[in-house]
Amino acid sequence: MAKFQEKWDDNAPGPYYVDQSCIMCNLCMEVAPSNFVESDEGDHHVVSKQPESMDEEGKIREAMEQCPVEAVGDDGVTT
């Protein structure tokens, strides 16, 4: 389970995030390419854009479920 306390600061503001357990497997970017990118540092992925549709939200949730290290999280709070 992703840990909010360990989320990367460069995630887009909002409920979804990637934490520091990311191993750069690229799965999140394959499942939800509109919402995840590689960080500027090149050592982790981040949520680049919070979902703007039910389709995007479904894809982010799919990435959460499939992440092999459970690095994608949802803090349940919208901003």
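# A walk through a predicted model

A71 is buried, with a relative accessible area of 1%, and this residue makes a useful starting point for a tour of a structure that is, as should be kept in mind throughout, a predicted model. The place of A71 along the chain is the loop between α2 and β4. If you look across from A71 to M1, you find that the two residues are 70 residues apart in sequence, while their C-alpha atoms are 6.8 Å apart in space.

The loop that holds A71 also contains its neighbour in this account, E70, which is found between α2 and β4 as well. Phi of E70 is near 55°, a positive value in a residue other than glycine. E70 has a relative accessibility of 43%, and it therefore counts as partly exposed, because that label is given to values between the 20% limit for buried residues and the 50% limit for exposed ones.

Where else does a residue that is not a glycine have a positive phi? N26 is such a case, with a phi of about 75°, and N26 sits in the loop between β1 and α1. With a relative accessibility of 32%, N26 counts as partly exposed.

From the loop after α2 we can step to helix α2 itself and to the strand that follows the loop, by way of a salt bridge. The side chains of R61 and D74 meet in this salt bridge, with a distance of 3.4 Å from N to O. R61 lies in helix α2, which covers residues 54–66, and D74 lies in strand β4, which covers residues 72–74, so the pair ties together parts that are 13 residues apart in sequence. Is R61 buried, exposed or partly exposed? R61 is partly exposed, with a relative accessible area of 35%, and D74 is partly exposed too, with a relative accessible area of 28%.

How many salt bridges does the count come to? The count for this model comes to four, and among them are two that share the residue K49, since K49, E52 and E56 are linked in a network of salt bridges. In one of these bridges K49 pairs with E52, and the closest N and O atoms are 3.6 Å apart; in another, K49 pairs with E56, and here the closest N and O atoms are 2.7 Å apart. The three members of the network have their own degrees of exposure: E52 counts as exposed at 65% relative accessibility, K49 counts as partly exposed at 23%, and E56 counts as buried at 14%.

The network can be followed a step further, to N35, a residue that lies in the loop between α1 (27–31) and β2 (36–38). N35 is buried, with a relative accessible area of 1%. The side chain of N35 reaches the backbone oxygen of K49 at 2.8 Å, and the side chain of N35 also makes a polar contact of 3.5 Å with the side chain of E56. A reader who has located K49 and E56 through their salt bridge can therefore use these two residues as landmarks for finding N35, because N35 has a contact with K49 and another with E56.Another contact brings us to the loop between β2 and β3 (45–47), where H44 is found. H44 is buried, with a relative accessible area of 1%, and a polar contact of 2.5 Å joins its side chain to the side chain of D43. D43 in turn belongs to a patch of negative charge on the surface, in which D9, D10, E38, D40, E41 and D43 gather. One of the members of this patch, D9, lies in the segment before β1 (16–18), and D9 counts as exposed at 78% relative accessibility.

The segment before β1 also holds K3, which counts as partly exposed at 44% relative accessibility. From K3 to C28 the separation is 25 residues in sequence and 17 Å in space, taken from C-alpha to C-alpha.

Key:
Residues numbered from 1 in each chain as written. Predicted model: local features only at pLDDT ≥ 70, side-chain atom pairs only at ≥ 80, totals over all residues. Heavy atoms only, no water. Patch = residues over 30% accessible without salt bridge, like charges linked within 9 Å, V, L, I, M, F, W, Y side chains within 5 Å. Areas by Shrake-Rupley, 256 points an atom, 1.4 Å probe, with all protein chains shown as cover. Lys, Arg positive; Asp, Glu negative; His and termini not counted. Charge placed at Lys NZ, Arg CZ, Asp CG, Glu CD. Helix = DSSP H or I, 4+ residues; strand = E, 2+ residues; numbered from the N terminus. Buried < 20%, exposed > 50% of the residue type's maximum accessible area, 1.4 Å probe, protein only. Polar contact = N/O pair within 3.5 Å; in protein donor to acceptor, adjacent residues only side chain to side chain.
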